[in-house]
Amino acid sequence: MKQKILYVTDRPSMAADMLMKNLDGTFEIMRVRSSDEVKHVPEIVLVNLAGLDSSERIKSFTKSKVFLLGTQAEIDACDISDSESFAKPFNVNEIREKLSGLSSVKTESQKTLLLVDDDAVMIRTLREGLSTSYKVLPANSGANALKILERAKPDLILLDYEMPEMNGTQVFGVLRSNPETANIPVMFLTAKGDSGSISQIEKLKPEGHMQKTLPLREIKEVIQKFFDSK
């Protein structure tokens with residue numbers, strides 16, 4: 001039996017539609033519009049961002065693995081959290097291999113990270129690197145992070161210390177003052193390495209902090225060491 005994929009698309013898109021045609025021999029693809037009512041949502045959902053009318057229904061697919069299809073600009077502007085992406089030009093073989101391996105991944109046993117950073121490049125880099133080991137919920141601002149926390153409880157929050165409008169210190173204060181989020185572990189991400197900045201972070205007593213300039217391998221090691229200590 002072929003693995004099922006829900007393909008959400010509102011407008012014809014040559015690149016995305018050709019991708020679906022190439023995947024059709026491997027998967028059973030169900031094509032729907034973003035406004036359609038879907039009773040049984042499969043494990044994998046592919047969303048064509050080109051001309052997408054609404055993302056609200058897609059946000060409710062919390063038990064599925066959602067992948068965004070589009071240009072990098074469309075992906076960066078999308079507000080669908082807890083998703084991964086495939087940017088144009090699509091690599092059919094790479095995508096087929098990625099999707100084929102999902103059914104053997106026990107996502108329910110994975111730890112969940114809430115990644116909060118206003119830098120789209122930083123979010124994309126960390127999300128892609130960390131999603132091989134963890135379930136990653138991205139948020140591009142403190143306000144968006146608090147909205148995500150209304151419906152999700154991550155195992156660890158990676159929180160950018162320097163953000164506009166609502167900085168890391170302010171977000172941390174809101175988290176600790178709310179009984180629903182007070183016990184969620186927080187690690188700060190910072191671009192500053194001077195002793196004064198680090199001292200200010202440590203006074204907040206988070207579970208840890210990391211330099212953004214660290215190689216991805218070392219960031220993963222710090223996170224895994226934290227979980228191993230629990």
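**Exercise 1. Which residues in helix H6 (residues 168–177) are buried?**

Before starting, a few ground rules. This is a predicted model, where local features need pLDDT of at least 70, side-chain atom pairs count only at pLDDT 80 or more, and totals for chains, interfaces and linings use all residues. Residues are numbered from 1 along each chain as its sequence is written, and side-chain values use heavy atoms, with hydrogens and water left out.

Step 1. Get the terms straight. Helices (H or I, at least four residues) and strands (E, at least two) are DSSP runs, numbered from the N terminus. Buried means under 20% relative accessible area, exposed over 50%, and partly exposed in between (1.4 Å probe, protein chains only).

Step 2. Pick them out: Gly168, Val171, Phe172 and Leu175 are the buried ones in H6.

Step 3. Look down the axis of H6: its buried residues fall within an arc of 100°, so they line one face of the helix. (The arc is that of the directions from the helix axis to the C-beta atoms.) An α-helix has 3.6 residues a turn, so residues three or four places apart point the same way.

Step 4. Find the partners. The buried residues of H6 pack against helix H5 (142–148), strand E8 (156–160) and strand E9 (186–190).

Step 5. Check the start of H6. There, a side-chain oxygen of Asn167 comes to within 3.1 Å of the backbone nitrogen of Thr169.

**Exercise 2. Describe the surroundings of Leu68.**

Step 1. Place it: Leu68 sits in strand E4 (residues 65–70).

Step 2. Judge its exposure. Leu68 has 1% relative accessibility, so it counts as buried.

Step 3. List the contacts (heavy atoms within 4.5 Å). Skipping neighbours within four places in sequence, Leu68 touches Val47, Leu49, Ile75, Cys78, Ile80, Ser83, Glu84, Ser85 and Phe86.

Step 4. Take one of those partners, Ser83: 15 residues separate it from Leu68 along the chain, and their C-alpha atoms are 7.0 Å apart.

**Exercise 3. Work out what the side chain of Asp117 reaches.**

Step 1. Locate Asp117 in the loop between strand E6 (112–116) and helix H4 (120–130).

Step 2. Is Asp117 buried or exposed? Its relative accessibility is 0%, so Asp117 counts as buried.

Step 3. Look for polar contacts. These are pairs of N or O atoms within 3.5 Å; within protein, one must be able to donate a hydrogen and the other to accept it, and residues adjacent in sequence count only if both atoms are side-chain atoms. The side chain of Asp117 reaches the backbone nitrogen of Asp119 at 2.8 Å, and it also makes a polar contact with the side chain of Lys212 (3.0 Å).

Step 4. Add the wider contacts. Beyond four places in sequence, the partners of Asp117 include Met122, Ile123, Asp160 and Met163.

**Exercise 4. Explore the largest pocket and the largest cavity.**

Step 1. Tell them apart. On a 1 Å grid over the protein atoms alone, a cavity is a set of points where a 1.4 Å probe fits but cannot get out, while a pocket is an open set with protein on both sides within 12 Å along at least five of seven lines; lining residues have an atom within 4 Å of a point. Grid points are joined across faces, edges and corners, and a volume is the space filled by probe spheres set on the points.

Step 2. Start with the largest pocket, which holds about 480 Å³ of space. It is lined by 21 residues, and Cys78, Asp79, Ile80, Ser81 and Pro138 are the closest to its centre. H4 gives the most to this lining, with 4 residues.

Step 3. Sort that lining by class: 10 nonpolar, 3 polar and 8 charged residues. Here Ala, Val, Leu, Ile, Met, Phe, Trp, Tyr, Cys and Pro count as nonpolar, Asp, Glu, Lys and Arg as charged, and the others, Gly among them, as polar.

Step 4. Turn to the cavities. There are 3 of 30 Å³ or more, and the largest has about 100 Å³ of space. Among the residues lining the largest cavity are Ile58, Phe61, Ile80, Asp82 and Arg151.

**Exercise 5. Inspect some backbone details in the loops.**

Step 1. Go to the loop between strand E5 (83–87) and helix H3 (92–100), where Pro89 is found. The peptide bond from Lys88 to Pro89 is cis, with omega near 0°.

Step 2. Move to the loop between E8 and H6, home of Glu165. Glu165 isn't a glycine, yet it has a positive phi of about 65°. At 84% relative accessibility, Glu165 counts as exposed.

Step 3. Finish with Lys205, in the loop between helix H7 (195–203) and strand E10 (208–211). Lys205 has a positive phi of about 60° although it is not a glycine, and at 69% relative accessibility it counts as exposed.
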